[in-house]
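User: Hello! I am new to this structure and would like a friendly tour in questions and answers. Could you show it to me?

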Amino acid sequence: MEAERLIAAGRQALAGSGTAQDIVAEAWQAQALAQAMGSHLALCGPLEVRGEARGLSEIGEYPAWGAAGPRAAQLTEVGDPFAALTALGALLGEVGIALVGVACATDEEGLYWQCIEAIDAVDESNDRVGGMLRRLAVRDRDRERARPPDPARGRAGPGQGPT
């Protein structure tokens, strides 16, 4: 399944979480998806993000999965890396906010520490995602600057003005 569809499914599942345990479970689902996207981009993504993607693929140690396993196992492609990473960053941000809410509201020490561990993993993943988005933006900006002038218009691409 395409990354953006899996991210949308994760956002929907997080929004539908009814209990604190459901939110923690969705946090680990999101983290597993971040790892899977990192692995995919480390192998098949743009050269500029492969190192950061490799780091993303190694973040977090989540609890054992049940028979269903993580949704991330369904990942087959990352069609538009910039769009997928942007959506993943949004999902990770929502997960982080939800986890903080659970951690602040719980009296259960075990649940509190589960939240803290998940928050750390999600935060580190979101940092990596942000780094990859910055690298892609720089790459795109540099490509735009390097475009040869358009002979018909006498300028170097959109927004570059006359030469």
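**A guided tour**

Analyst: Let us begin with one residue: Glu-117 is placed in helix H5, which covers residues 109–146. Helices (H or I, at least four residues) and strands (E, at least two) are DSSP runs numbered from the N terminus. This is a predicted model, in which local features need pLDDT of at least 70 and side-chain atom pairs count only at pLDDT 80 or more, while totals for chains, interfaces and linings use all residues. Residues are numbered from 1 along each chain as its sequence is written, and side-chain values use heavy atoms, with hydrogens and water left out.

User: How many helices and strands does the protein chain have?

Analyst: Reading along the sequence, we meet the pattern α-α-α-α-α. The secondary structure therefore comes to five helices and zero strands.

User: What share of the 163 residues is buried?

Analyst: Buried means under 20% relative accessible area, exposed over 50%, and partly exposed in between (1.4 Å probe, protein chains only). Of the 163 residues in the protein chain, the buried part is 42%.

User: Is Glu-117 buried, partly exposed or exposed?

Analyst: The relative accessible area of Glu-117 is 44%. Because that value falls between the two cut-offs, Glu-117 is partly exposed.

User: Which salt bridge partner does Glu-94 have?

Analyst: A salt bridge is a side-chain nitrogen of Lys or Arg within 4 Å of a carboxyl oxygen of Asp or Glu, and by this rule the count is seven. Glu-94 lies in helix H4 and is partly exposed at 29% relative accessibility. Its side chain meets, at 2.2 Å from N to O, that of Arg-11.

User: How many residues apart are Glu-94 and Arg-11?

Analyst: Glu-94 is in helix H4 and Arg-11 in helix H1 (residues 3–15). The pair links distant parts of the chain, and the separation is 83 residues.

User: Which residue forms a salt bridge with Arg-135?

Analyst: Arg-135 is partly exposed at 44% relative accessibility. Its partner is in helix H3 while Arg-135 lies in helix H5, so the pair ties together parts that are 83 residues apart in sequence. With the closest N and O atoms 3.8 Å apart, the partner is Glu-52.

User: Which residues join Arg-139 in one network?

Analyst: Arg-139 is buried at 18% relative accessibility, whereas Asp-140 is partly exposed at 37%. The side chains of these two meet in a salt bridge of 3.1 Å, N to O. Through salt bridges that share partners, Arg-139 is joined with Glu-48 and Asp-140.

User: How many disulfides are there?

Analyst: A disulfide is a pair of cysteine sulfur atoms within 2.5 Å. For Cys-104, the nearest cysteine sulfur is that of Cys-115, 9.2 Å away, so Cys-104 is in no disulfide. By this rule the count of disulfides is zero.

User: Is Cys-104 buried or exposed?

Analyst: The relative accessibility of Cys-104 is 66%. Because this is over 50%, Cys-104 counts as exposed.

User: How far is Arg-71 from Met-1 in space?

Analyst: Arg-71 lies in the loop between helix H3 (50–56) and helix H4 (81–105), and at 22% relative accessibility it counts as partly exposed. Arg-71 and Met-1 are 70 residues apart in sequence. From C-alpha to C-alpha, their distance is 9.6 Å.
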